[in-house]
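Here's a quick briefing to read with the viewer open. Have a look around first, then come back for the notes.

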Amino acid sequence: MRQLGVKSLLAAIMAVALAASMSVSAMAALSGELEIFSWWSGDEGPALEALIARYQQLYPNVRVINATVAGGAGVTAKAVLKTRMLGGTPPDTFQVHAGQELIGTWVVADRMEDLSWLYDQEGWRRVLPEGLIRLLSTDDGIWSVPVNIHRSNVMWYIPRNLERWGVKVPTTWQEFLEIAPVLQRQGVVPLALGENWTMTHLWESVALAELGPDKWEALWRGELAWTSPEVRRTWELFGEILRYTNADAPSLTWQQATDMVVNGQAAFNIMGDWAAGYMTTTLKLRPGVDFGWAPSPGTQGIFMMLSDTFGLPKGAPHRDNTIAWLRMIGSREAQDIFNPLKGSISPRTDSDLSKYNEYLQSAARDWRSSRIVGSLAHGVVANERFMNDFATVMEIFYTSRSAQAAVNAAQAVAIQSGMVQ
Ligand code: GAL
């Protein structure tokens, strides 16, 4: 008996050793290319580049093509991606937001491979929040791998500038509207703003404050009409706030709007926490000392989230290399390389927070203790069809400042994009 036990133990050890050596040689054997498609270029590039460097250490024989199309929130990249996907030349993997941008766009069109088996192999169901997995799933599968959690509803400022101008961080939009003239009198733009999508980004924080989380969610379930008085009020308030933004907003990138705050031209900016990544990684500013943050006015205790993910499109030319990429980016090690540079937190519950700066540690605490809702500007609550047309709604409002025109147009867009029956 004992002898048999030793024998089978030996056999088991041999089998494990064989499997291990096979997987090591399989790793080395990966070759050819891996094309990663995203909008993380220039100032937004360092975190992705660090991930790619790690991949190259693990798979030195794969030639990685870092295919980026510049432009915040992926406005340009997503148009290029659409052409490629519909033209039958998908990249091996691409950046896509968790939620409707993934499910209501690429999964309904049957363009993605189910990754449930990878989640099982890697034990990701145990370490990723259930709510996030739900955003990546349908009844038929799990469709991408998340690398991060970003927060949308954050207000950024420079503490010593606010002191100099004699104003405090507003906790409501009413307070903001009261201090805005004080700032203007000193030649300071109260709120820095950039191009079209950053206006939608601002609007979603304003709408969240005005509607509260339950009605925000009801709007996306089609249970609250765009033409309701509550939603019209979000546009009216948004219009009042726009009076205190820079006139050249349509021509500025999000980084240029952040720069206005950093340079002391503007007091505040509402932007996702990639702004923290930009200020710490690119501008080398110290969180809590050189820049400060607060939930956007009226959204205390609420975390408006979004998540960048990568998936496996059907027909990806280098499927094995892509699976190795997806396996790696879902790991704790890779996520703790990527996120401290990116200005986001890892969705993994076992992430090592000692590697994250003060801002990100506070975001991680808020992520655990807040009411979570999904972002519109970054793909969680609406599909691509809606998002494209909503850019026009925003344009209409920015030029006409008519709340009624905006809600009428948005209601029509919601119906056309299938978001409302
Ligand atoms: C978001 C994306 C972020 C960041 C930002 C600005 O949509 O999720 O990771 O890239 O756009 O471009």
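Which residues of H14 are buried? They are Asn321, Thr322, Ile323, Ala324, Trp325, Leu326, Met328 and Ile329. Keep in mind that this is a predicted model. The notes below go from the whole chain to the ligand site, and then to a few individual residues.

**Overall build**

- The protein is put together from 18 helices and 14 strands.
- Its radius of gyration is 23 Å, which agrees with the value near 22 Å for a compact globule of 421 residues.
- If you want to set up a box, the C-alpha atoms fill one of roughly 85 × 50 × 40 Å along the principal axes.
- Buried residues account for 56% of the 421 residues.
- Looking at contacts with a separation of 6 or more, 76% are between residues 24 or more positions apart.
- About 17,500 Å² of the protein is exposed, and 54% of that comes from carbon and sulfur atoms.

**Helix H14**

- H14 spans residues 319-329 and is mostly covered, with eight of its eleven residues buried.
- As a reminder, an α-helix has 3.6 residues a turn, so residues three or four places apart point the same way.
- Trp325 and Met328 are both among the buried residues of H14.

**The ligand and its shell**

- There are 13 residues around the ligand, and the ones that come nearest are Glu44, His97, Asp308, Lys342 and His378.
- Sorted by class, that shell holds six nonpolar, four polar and three charged residues.
- The side chain of Trp39 puts an N or O atom 3.2 Å from a ligand oxygen.
- For the side chain of Glu44, the matching distance to an oxygen atom of the ligand is 2.6 Å.
- Ala73 joins in through its backbone, where an N or O atom lies 2.9 Å from an oxygen of the ligand.
- On its own the ligand would expose 300 Å², and the protein buries 100% of that.

**Two ligand neighbours up close**

- Glu44 sits in the loop between strand S1 (32-38) and helix H2 (46-58).
- Glu44 counts as buried because its relative accessibility is 11%, and the cut-off for buried is under 20%.
- Leaving aside residues up to four places away in sequence, Glu44 touches Trp39, Gly72, Trp254, Gln255, Trp274 and Lys342.
- Of those contacts, Lys342 is also one of the residues that come nearest to the ligand.
- Ala73 is in another loop, the one between strand S2 (62-68) and helix H3 (75-86).
- With a relative accessible area of 7%, Ala73 is buried.
- The backbone of Ala73 has a positive phi of about 60°, although the residue is not a glycine.

**Lys284, a positive phi in the open**

- Lys284 is a residue other than glycine with a positive phi, near 60°.
- You'll find Lys284 in the loop between helix H13 (274-282) and S11.
- Is Lys284 buried or exposed? Its relative accessibility is 63%, so Lys284 counts as exposed.

**Gln300 and its loop**

- Gln300 is in the loop between strand S11 (292-295) and strand S12 (302-306).
- At 41% relative accessibility, Gln300 counts as partly exposed.
- What does Gln300 touch, not counting residues up to four places away in sequence? Its contacts are Thr171 and Pro295.
- With Thr171 there is a specific polar pairing to look at: the Gln300 side chain reaches the backbone oxygen of Thr171 at 3.2 Å.
- Gln300 and Leu285 are 15 residues apart in sequence, and their C-alpha atoms are 25 Å apart in space.

**Ser116 in helix H5**

- Ser116 belongs to helix H5, which covers residues 116-122.
- Ser116 counts as buried because its relative accessibility is 14%.
- The side chains of Ser116 and Asp114 make a polar contact at 2.6 Å.
- Beyond residues up to four places away in sequence, Ser116 touches Arg125, Gly141 and Ile142.

Terms used:
Residues are numbered from 1 along each chain as its sequence is written. This is a predicted model: local features need pLDDT of at least 70, side-chain atom pairs count only at pLDDT 80 or more; totals for chains, interfaces and linings use all residues. Side-chain values use heavy atoms; hydrogens and water are left out. A residue is near a molecule or strand if one of its heavy atoms lies within 4 Å of it. A polar contact is a pair of N or O atoms within 3.5 Å; within protein, one must be able to donate a hydrogen and the other to accept it, and residues adjacent in sequence count only if both atoms are side-chain atoms. Accessible areas come from the Shrake-Rupley method with a 1.4 Å probe; for residues, only the protein chains shown count as cover. Ala, Val, Leu, Ile, Met, Phe, Trp, Tyr, Cys and Pro count as nonpolar, Asp, Glu, Lys and Arg as charged, and the others, Gly among them, as polar. Helices (H or I, at least four residues) and strands (E, at least two) are DSSP runs, numbered from the N terminus. Buried means under 20% relative accessible area, exposed over 50%, partly exposed in between (1.4 Å probe, protein chains only). Contact means heavy atoms within 4.5 Å. The radius of gyration is taken over C-alpha atoms; the globule rule is 2.2 Å times the number of residues to the power 0.38.
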